[in-house]
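Colleague: I'd like to go through this model with you and ask how the words we use for it are justified. Shall we start?

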Amino acid sequence: MGEKTLKFNSKTIHGGQQPDKAYGAVMPPIYQTSTYAQTTPGGHKGYEYSRSANPTRTALENSLASIENGTYGLAFASGLAAIDAVIKLLGPGDEVVSTNDLYGGSYRLFKQIFEKYGIKFNFVGMQDTDTIEAAITGNTKLIWVETPTNPMMNIIDIKAVAAVAKKHNVLLAVDNTFATPYLQTPLDLGADVVMHSATKYLGGHSDVVAGALVVKNKELADQLYFIQNASGAVCGPMDSFLILRGIKTLHVRMQRHCENGEAIARYLENHPKIEKVYWPGFESHPNHEVAKSQMNGYGGMISFVSKGSSYKEAIKIVERLKLFTLAESLGGVESLAGHPASMTHASIPKDEREKSGVVDALIRLSVGIEDKDDLIADLEQAIG
Ligand SMILES: Cc1ncc(COP(=O)(O)O)c(C=O)c1O
């Protein structure tokens with residue numbers, strides 16, 4: 001059966017994979033080597049130095065390309081290293097239009113690293129394509145989208161933004177960390193680059209930090225491979241193995257994340273002490289129709305604010321949680337709770353983050369795959 005005809009739930013397991021050439025190992029060995037013997041200068045079997053390429057990383061990169069319906073995958077040392085490689089496609093004077101509601105570390109990389117090198121970032125709300133078009137200038141080279149956004153769960157219409165990008169001849173990159181290809185495949189909707197913090201759902205077990213890019217276009221892939229090798233923030237063989245193993249169960253984990261996410265979103269929505277719940281599956285969510293059309297489900301990420309919007313109350317709730325662990329990160333099998341204003345989004349100035357809704361009282365949940373009744377009981381005792 002041709003690789004391209006496989007359905008998603010088979011691609012996670014078989015996409016881009018072959019038994020290892022040496023002994024037929026079904027899982028690729030962890031090729032823990034920096035270099036490879038050559039019979040004569042240049043006489044090697046496709047690998048010469050592990051920054052440039054490593055067979056375990058190749059197996060992961062092929063899997064990434066397959067699950068995102070792309071052609072070329074690249075695995076990095078972290079999600080931020082993957083974003084760093086994309087921005088290095090640009091030069092001084094170039095501009096980026098980015099969503100204003102995005103992961104704090106991406107914002108920090110843009111503002112505090114790349115602005116120093118003469119790249120300009122325009123942060124705008126992306127619910128309306130007119131706002132995006134108004135921010136595009138003759139120097140704009142890239143549109144940066146995160147959807148669902150972290151932590152406000154806004155949904156951006158990828159197809160509509162892709163049309164704007166094509167019209168102005170700029171690249172469109174989508175951070176697909178929250179949705180994963182189980183829920184949406186941005187390349188199919190017209191994006192040029194898909195990016196992941198593979199640390200999250202792709203790895204899925206909170207045991208590895210890694211990043212990924214997937215593209216379809218050969219020229220773009222070559223430029224990114226050049227940057228990956230020249231800058232060197234590659235995914236190591238052990239980490240590549242762990243992400244690859246995680247991807248094999250992505251579909252079953254995501255199914256459960258979605259089921260538990262829905263149960264918890266609806267529980268919180270009906271709770272008398274909860275003021276507001278952000279989850280794209282609600283019909284009342286302002287971008288619900290877009291979510292419904294571009295996603296296959298609504299995921300396990302939820303943010304909420306308790307009545308009275310008190311910072312103190314939010315801190316008390318996250319401290320009281322027992323089954324939900326108070327921790328950075330998301331997307332693992334275990335449920336996590338976070339306080340974006342003081343954790344993931346602390347690097348965004350208060351007035352900037354409050355403009356997009358990241359108030360001091362906001363709590364973010366990464367709903368895991370435990371029994372949903374236990375998770376609800378934990379929230380019940382913590383909210384009181
Ligand atoms: C949406 C999103 N993008 C990018 C990143 C950065 O990835 P990493 O922590 O793997 O560098 C994160 C990390 O939390 C994230 O949530």
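Modeller: Sure, with pairing: two strands pair if DSSP finds at least two bridges between them. Helices (H or I, at least four residues) and strands (E, at least two) are DSSP runs, numbered from the N terminus. This is a predicted model, where local features need pLDDT of at least 70, side-chain atom pairs count only at pLDDT 80 or more, and totals for chains, interfaces and linings use all residues. Residues are numbered from 1 along each chain as its sequence is written, and side-chain values use heavy atoms, with hydrogens and water left out.

Colleague: How do you know that strand E4 and strand E5 pair?

Modeller: The definition asks for at least two bridges. E4 (residues 140-146) and E5 (residues 171-175) have five, in the parallel sense, so they count as paired. Glu146, for instance, has Asp175 in E5 as its bridge partner.

Colleague: What makes strand E1 and strand E3 edge strands?

Modeller: E1 (72-76) and E3 (120-124) each pair on one side only. You can see it in the order of the open, seven-stranded sheet, E1-E7-E6-E5-E4-E2-E3, which has mixed pairing.

Colleague: How do you know that helix H4 packs on the sheet?

Modeller: Contact means heavy atoms within 4.5 Å, and H4 touches strand E2 (95-99), E3 and E4. The direction of H4 makes about 140 degrees with that of E3; such angles run from 0 to 180 degrees between N-to-C directions, and axes are lines fitted to C-alpha atoms, for helices over the stretch in contact.

Colleague: What describes the packing of two helices?

Modeller: The angle between their axes and the distance between the axes. For H3 and H4, the axes come within 11 Å and cross at roughly 35 degrees. Leu80, Ile83, Asp84 and Ile87 in H3 meet residues of H4 including Leu109 and Phe110.

Colleague: Why is the space of about 630 Å³ called a pocket?

Modeller: On a 1 Å grid over the protein atoms alone, a cavity is a set of points where a 1.4 Å probe fits but cannot get out, whereas a pocket is an open set with protein on both sides within 12 Å along at least five of seven lines. The space of about 630 Å³ is the largest pocket, so it is an open set by that definition. The volume is the space filled by probe spheres set on the points, which are joined across faces, edges and corners.

Colleague: What makes a residue part of the lining?

Modeller: Having an atom within 4 Å of a point. In the largest pocket 24 residues qualify, and Asp20, Lys21, Tyr31, Tyr47 and Pro55 are the closest to its centre.
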